[in-house]
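Thanks for sharing this one. Here are some notes to read alongside the structure, as numbered points.

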Amino acid sequence: MTIWRNMGTLMIIFLAGLQAIPEELKEAAAIDGAGKWRTFRSITLPLLKPTLLLGAVLLSVAYLQFFEESFVMTQGGPLDSTLSAAYYVYQKFGFGQYGIASAASWVLFIIIALVSVLQFRILKED
């Protein structure tokens with residue numbers, strides 16, 4: 001369910017990224033004798049790096065904050081099998097365990113920040 005919710009937004013972002021690539025670069029590569037794979041690897045993919053970075057960050061943050069699906073469908077599931085970090089924080093606040101909920105929120109924030117920094121370093125502009 002999460003995949004279907006996020007794919008539409010991601011496809012619009014990728015469509016905008018692909019439309020921003022100038023056709024003249026692809027035509028110049030074709031004139032120079034580059035095939036479709038070489039054009040994709042040498043022109044399209046490097047110019048899509050910012051779009052890939054945005055998509056990776058948006059999806060990873062969305063999946064790490066996964067809440068609605070487990071709340072609506074399973075309430076954490078049988079024996080907490082579908083308990084997400086965000087739903088765990090929600091439960092702890094509901095039970096009045098504010099210290100644990102606050103600490104879990106900070107841990108979730110730090111994980112999201114570290115994953116985002118890692119993605120920025122991997123997909124950074126050269």
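Which residue's backbone oxygen lies 2.6 Å from a polar atom of the side chain of Q75? The first point takes that up; please keep in mind throughout that this is a predicted model.

1. The backbone oxygen belongs to F71, and the side chain of Q75 places a polar atom 2.6 Å from this oxygen. Q75 itself sits in the loop between α5 (68-73) and α6. With a relative accessibility of 44%, Q75 is partly exposed, because that class runs between 20% and 50%.

2. Leaving aside residues up to four places away in sequence, Q75 is in contact with S70, Y87 and Q91. Y87 turns up again in a cluster, where ring pairs link it with F71 and Y90. For a longer-range view, Q75 and L15 are 60 residues apart in sequence, and their C-alpha atoms are 36 Å apart in space.

3. Now to S60, which is part of helix α4 (residues 49-64). Is S60 buried or exposed? Its relative accessibility is 15%, so S60 counts as buried, the cut-off being under 20%. The side chain of S60 has a polar partner in the backbone oxygen of V57, at 3.1 Å. A second polar contact, of 3.4 Å, runs from the S60 side chain to that of Q119. Beyond four places in sequence, S60 touches V115 and Q119.

4. The helix around S60 has a regular length: α4 has 16 residues, and its first and last C-alpha atoms are 22 Å apart, close to the 22 Å expected at 1.5 Å a residue. The buried residues of α4 include V57, L59 and S60.

5. Helix α7 (residues 98-122) passes the same kind of check: its 25 residues should span 36 Å at 1.5 Å a residue, and the end C-alpha atoms are 36 Å apart, so the two values agree. Buried positions in α7 are A101, A104, L108, I112, S116 and Q119. Those buried residues pack against α4 and α6 (85-94). An α-helix has 3.6 residues a turn, so residues three or four places apart point the same way.

6. Finally, the aromatic rings: the count comes to six aromatic pairs. One of them joins W106 and F109 edge-to-face, at 5.6 Å centre to centre and with 90 degrees between the planes. Both residues lie in α7, three residues apart, or about one turn of the helix. W106 is exposed, because its relative accessible area of 54% is over 50%.

Key
Residues numbered from 1 in each chain as written. Predicted model: local features only at pLDDT ≥ 70, side-chain atom pairs only at ≥ 80, totals over all residues. Heavy atoms only, no water. Helix = DSSP H or I, 4+ residues; strand = E, 2+ residues; numbered from the N terminus. Buried < 20%, exposed > 50% of the residue type's maximum accessible area, 1.4 Å probe, protein only. Polar contact = N/O pair within 3.5 Å; in protein donor to acceptor, adjacent residues only side chain to side chain. Contact = heavy atoms within 4.5 Å. Expected span 1.5 Å × (residues − 1). Phe/Tyr/Trp six-rings, centres within 6.5 Å; stacked < 30°, edge-to-face > 60°.
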